[in-house]
Structures are given as structure tokens and as C-alpha cells.
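Me: Please take one small part of this structure, look at it closely, and then work outward to the rest. I am a first-year student, so keep the wording plain.

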Amino acid sequence: MAIVSLKKLTKRYGNMEIVHGIDLDVSDREFIALVGPSGCGKSTTLRMIAGLEDISGGTIEIGDRIVNDLPPRSRNISMVFQSYALYPHMTVRENLGFSLKIAGAPKEEMDRRVAEASAILGLDALLERRPSQLSGGQRQRVAMGRAIVRDPDVFLFDEPLSNLDAKLRTQMRTEIKKLHAKVKSTVIYVTHDQIEAMTLADRIVIMRDGYIEQVGTPDEVFQRPATRFVAGFIGSPPMNLHEATVADGNVVFAGGQSLPLPGRFKANVSAGDKVVFGLRPDDLYPVGHGLHSGDAADVHEIELPVTVTEPLGNETLVFAEFDRRDWVSRMLNPKPLKAGDRVAMHFDLSRAHLFSAETGKSLRV
Amino acid sequence: MEANASARLKRRVATVAHRVGLFLAMLFICLPGIWIVLSSLRPTVEILAKPPVWIPQQVSLDAYVAMFSGVGKGGIPVVDYFRNSLIISVTSTVIAIAIGMAGGYAFARYRFRGKSAMFLGLMLTRTVPGIALSLPLFFVYARLDIIDTHFGLILAYVALNVPFTIWLIDGFFRQVPKDLAEAAQIDGCTRWQAFWQVEFPLAGPGIASAGIFAFLTSWNEFALASQLTRSINSKTLPVGLLDYTAEFTIDWRGMCALAVVMIIPALILTFIVQKHLVGGLTSGAVKG
């Protein structure tokens, strides 16, 4: 049983506050991802949970204990570092068994637990090698094995896949997911890669400048982003976000073009409000090539010139100009298009987002 | 076929030329050492001959026999000197390394006020020539009554070596990724255990080389030792060389023989430690 609970957690370096009193509850066996751009405080938060950084305020609870001032070794956690941090002077076997050796475990138990971890991760053939003789993916696996052997309450991952190439990253992502299904521990996973966060996590915590912007399931943060920042951060390619002003039932963009104001926002805005209009590439598509059927009442058709196309095989990203800016759209079952072509686009306004330009908060009712 | 054969021949010739060149360069570098060994084996007449005699005509171990045959029979108290040198060099090296490790680690890992000023200060002490300090040091030592003691010389050598060992060891600890110590702490180590289990073994080669430097500095040091020692209580081998100078004569052969005796332990030590100097241990610690 390991619930992790952060209350008003704060980190200051001198006068600089890096993490501003965040609250977060992670339930037992939950896989939670902390995601955000670099410098958002996610790694610092993880390191505070690990005990590698002192906390400047608030409390950290692991299990039912407040661990604020406990050293890392007393928190019963394990951590996988971005750099893997394997001990270069030890073999894989010694790396895996190091924590047990320090704890003074009997040899039989050490052998058994190293064998277990090695079996789970397929390291049997590598046990006598040194880290320098391993490939990146193998090192990554050893780092995870070292974490498993400790049988911790909480696994902490600090950008574990960012040193791997794209193909290996996808593969290891799947392995981490399988691993979590097997070991059933609480996991806190830091990444700057929103796809990793989406694919792995039960819940995602999006951080920015030391604040939590939103906590939610992958579906929630994708479908109902709470802020403009989350809307822009989650999703690839990112959501089209453009500043506009509300005027009699329309949103009017800077260049003078306008779109009808979706009905569900009407109660929350009044004429003259500065807003940010958001539409995912999936909800803007050449007619007949969309994810959705396009017969909803709120679908709006406009003919636009194409500026750039990016074919991806099963789909093509089409950049089209509207209101003198590029809007990204996703064309399924792509047909050949080239720059300069004019194409009829569907704006699915039932799926549009609206944020306050001032606070960045969603204006959904 | 023809082209291949001639290319192969060319490569062989180049290899041979390369080796001959290296041999000549090494010979040139080693010449003073070789000259000392040769001179310890032949009579003074031959040593001083002009033009120089390259191939010794009469080889004998007389100088070595005389050296160990005791005072009054042309010998010097070489065993005492050797013992003094060993005690002073080893002790001062151990202390300098202990301080160097603590200091180097602190400089590499911790942030504290005045760190760079302190580091610069340590380096500046190296700019003062030891000989310039010998007179003031002599006065202070005389007042403290520690002239002609092991302690006095050990103290001087520790002071001489500490800045350099700190600087060298700092560099080696910097190369050990911080993540490793952190990983060790998460794996259950205390800060102290993490140091000894992970950081120390990885910085080991660097610490060993700092040790060699410190040892050789103490072992070979002459200027300070000649001022601060008086008798067989504390005279070291380099100072012992002076025993071969008399008012009107210098026993070059004996001096060279003692020099050989001095060089041998230093050579042996370097050979023993050299395999630990091979770097690259930290490769593979981090990154893919």
C-alpha cells in the first residue's frame, strides 16, 4: 500500500521559488505522469519525493508516513534516472543486487531476487557484463531491474526514455507498461514527452512554471483541457490556438475573419471579451476526409488555400491559411494536395475550445 | 596485385621507421638516466673524461659496495637515509591524499561561500617557490624546535602537496556523475557509504595518480630538506647525496650510485600503481 500525497509542496533556491505549493494525491498502484516543458518543476518535484532535494515547505507523505526529512534510503522508493546511473565498476548482477548487499540481505535471497528481476526483464544473458558493454536499451533495462529488486512502495522515473532513439523508446514504453501491470506498484513518472505521458499514465499532471495546470486522465486532459497551456501542450500536432474577440455571436480574429461562437460558450462570454479560440487538427479537415462524419449542426464550411502539406502515409497534415495564419488540419484517407490548391474545410465547432485571453482558463460552462 | 604488394611493403617500411624513430626519441629522453646508471659503475676518471667515454671500459659495483659498507669505509648511512625518506614520503603522501580527497570532494560536490576564492588561493600557494620559503620556515622551525625531525619535514611536504592533490582529485570527482551517488543513496546507502562504495572506486585512478605525484615530490625534494634536516635522525636520500661532496673533491661515482638507489623505489612504485591509472572506468555509467 503506497499512497503518495503532496501538500503545499514548495521548493525555493534562495529567493527563487521553483515549485509553488503544489497539492497532489497519488493513489495506491496508480501510474501518474508529471509532464511539462523543461524548467516547469517536474523533476524537482520528483527529486523532492525521492529525498534528493530538501523541501522548503509543505509535506510529502508516502504510505502513511510523513517523509519530509527522511533520507532517500528510508523512504522505500526506487528511482530510474535519465542517465540510468548504473555503477560502472560493477557487473549487471552486482548492479541489480547492490541495494540488497547494502541492506545486508543473505546471499540466497539476493540471488533469488536478482534472478527474478532478471527474468522479468530478460537480462539473464547479460548478468556478468559491465554497463559499458551494454547498449542503451539494455542499460535502461538494467536500471529498471535495479529498481524492481528493491521491491519499493513507489517507483520514480525521471525521463527514463529520453536518451533512447525513437524506435527503442516506443519499445521500452510498452515494456514499462507491462512492467507496471506485473509489479503493481505506485509509479510517478516524469517526462517532457506528452505522448509518453498519454500512453503510460492513469492520470497526467501537467505542470508549468512550478504550478499544476491540470490533473486528469489522458482522455480528460485531451478532451477538456482546463487551460490554454494544457490545450497547446497535449496533442500532436498541437491544437490551433488563435486570439480573437467576441462580437455578436461570432468570434472575430485579428485579421477580421470570423467564426460563429459555439453555443455552449455563450453564457460565459459577452461582446468585447478577448478570448483564445482553439480547434484540434482532428476537428478541422478537408470535407469528406475527417475523423467525424461532419453532419453535426455546428460544422462550418470554408474554402481555404493550402500552404504546406506533410504526408504521413495514412494521413496528411494540411496547413491551410485562414485569417492570414496557418491552421493545421488532419486529412484522413489523404488525396493528393499541393500548396496553392483551394480546398473546402470543415470546422467542427462542436469540438472547439475557448479560453480567456487574460487568465488562460477554459470558458466551458 | 603489384599495387597491393608495394602498398604492403610501404606499410612495413613505415612501421619499422616509426619504431626506430620512437626508439631514438626514447633513447634521447632516457639519456640522463642511462648516464647516471653507467656512471655509478665506472671510475671517476672515466666519468670526467673528455671526450666522453660512451662504452664503459671497467665496470664494477665498487660504489655500491662502498656505500653500504658503513661510515669510515667510504660509506654513508644509506639505510638510515632510506628509512627517513620512506617514513617521511609515505606519511606525508597519506596525509596529503586524505586531505586532498576531502578537499577535492568538497570542491567538486558542494557549493559554499568563497569557493572559487579559496580554490584560487590554493593554486596561488603553488606560485611561491619552495626555496623562497626555506629561510622563514627555518626560523619558525627553529623556534618550534622541530628542525631535524620527521614531523617537521612531513608537515612541510603535506603543505607542499595538499593544494596540488586537492586540485587533481577535484577534477577526478567531477568526472564521476552525481547521479551515481544519488542512485546509491536511493539504493540504501548513507552519504558516507555512497562515497566509499561508488564515488571512491570510480575516482580511484585519479587518487592513485595524485598519490604518485605527492610521493615523488616528497621523495625527490631537496631544497627544503637540506635546510630542515641535520643528521641521520631525519636526513633524506636527496640530502644524503651531499655526503659525497668533500671540501676539494666530489665522488661522482658514489653520488650516481646513491641516485640509482633513490630512483629504484620510485620506479617500482610507478610500475605498481600504473595499471590503476588506466582511465575509462567511468565510461558506460551514464547515457546510451
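Reply:
**A loop residue and its surroundings**

Ser56(A) sits in the loop of chain A that runs between α1 and β4 (57-62). Keep in mind throughout that the model is predicted. Is Ser56(A) buried or partly exposed? Ser56(A) counts as partly exposed because 15 other C-beta atoms lie within 10 Å, and a residue needs 20 or more to be buried. Leaving out residues up to four places away in sequence, Ser56(A) touches Thr10(A), Lys11(A) and Arg12(A). One of these, Lys11(A), is 45 residues from Ser56(A) along the chain, yet the two C-alpha atoms are separated by 4.8 Å.

That pairing can be set beside a figure for the whole of chain A. Among its contacts between residues at least 6 apart in sequence, 67% join residues at least 24 apart. Chain A has 365 residues, and 43% of them are buried. Its secondary structure consists of eight helices and 20 strands. Taken along the principal axes, the C-alpha atoms of chain A fill a box of roughly 75 × 45 × 35 Å.

Chain A has two domains: domain 1 covers 4-229 and domain 2 covers 240-356. Their C-alpha centres lie 39 Å apart. From a record, there is also an unreviewed UniProt entry that lists residues 4-234 of chain A under "domain: ABC transporter". Helix makes up 38% of that span and strand 26%, and its end C-alpha atoms lie 25 Å apart.

**Backbone details in chain A**

Two other loop residues of chain A have a backbone angle worth a look. Tyr84(A) lies in the loop between β6 (77-80) and α2 (92-103). Its phi is near 75°, which is positive although the residue is not glycine. Is Tyr84(A) buried or exposed? Tyr84(A) has 29 C-beta neighbours inside 10 Å, so it counts as buried.

Asp151(A) belongs to the loop between α4 (136-149) and β7 (154-158) of chain A. Asp151(A) likewise is not a glycine and has a positive phi, near 50°. With 15 other C-beta atoms within 10 Å, Asp151(A) is partly exposed.

A cis peptide bond is found between Ser236(A) and Pro237(A), with omega about -5°. Pro237(A) lies in the loop between α8 (228-233) and β11 (240-247) of chain A.

**Across to chain B**

The α1 helix that comes before the loop of Ser56(A) also takes part in packing with chain B. In chain B, the buried residues of α8(B) pack against α1 (42-50) and β6 of chain A, together with α9 of chain B. How many residues of α8(B) are buried? Seven of its nine residues are, so the helix is mostly covered by the count of 20 or more C-beta atoms within 10 Å. The buried residues are Leu180(B), Ala181(B), Glu182(B), Ala183(B), Ala184(B), Gln185(B) and Ile186(B). Just after α8(B) comes Gly188(B), with a positive phi of about 110°.

The contact between the chains takes 28 residues from chain A and 23 residues from chain B. On the side of chain B that touches chain A, the elements giving two or more residues are α8 (178-186) and α9 (191-220) of chain B. The largest share, six residues, comes from α8(B). Sorted by class, this side of chain B has 11 nonpolar, eight polar and four charged residues.

**Elsewhere in chain B**

Chain B also has a cis peptide bond, from Lys50(B) to Pro51(B), with omega near -5°. Pro51(B) is placed in the loop between α2 (44-48) and α3 (62-68) of chain B.

Further along chain B, two helices can be described as a pair. Helix α4 (residues 78-109) of chain B packs on helix α7 (residues 150-175) of chain B at an angle of about 35°, and their axes are 6 Å apart. The crossing of α4(B) past α7(B) is right-handed. Their contact has 18 nonpolar, nine polar and three charged residues. One general point helps when looking at any such helix: an α-helix has 3.6 residues a turn, so residues three or four places apart point the same way.

To return to the start, Ser56(A) is a partly exposed residue in the loop between α1 and β4 of chain A. The helix before this loop, α1 of chain A, is packed against by buried residues of α8(B).

Note on methods:
Residues numbered from 1 in each chain as written. Chains lettered and ligands numbered in written order. Predicted model: local features only at pLDDT ≥ 70, side-chain atom pairs only at ≥ 80, totals over all residues. Contact = placed C-beta atoms within 7 Å. Helix = DSSP H or I, 4+ residues; strand = E, 2+ residues; numbered from the N terminus. Nonpolar A, V, L, I, M, F, W, Y, C, P; charged D, E, K, R; others polar. Domains from an automatic or database assignment. Axes fitted to C-alpha atoms, helices over the stretch in contact; angles between N-to-C directions. Left-handed = near helix turned anticlockwise from the far one by under 90°. Buried ≥ 20, exposed ≤ 12 C-beta atoms within 10 Å, placed from the backbone. UniProt positions renumbered as here; feature names shortened; annotations may be inferred.
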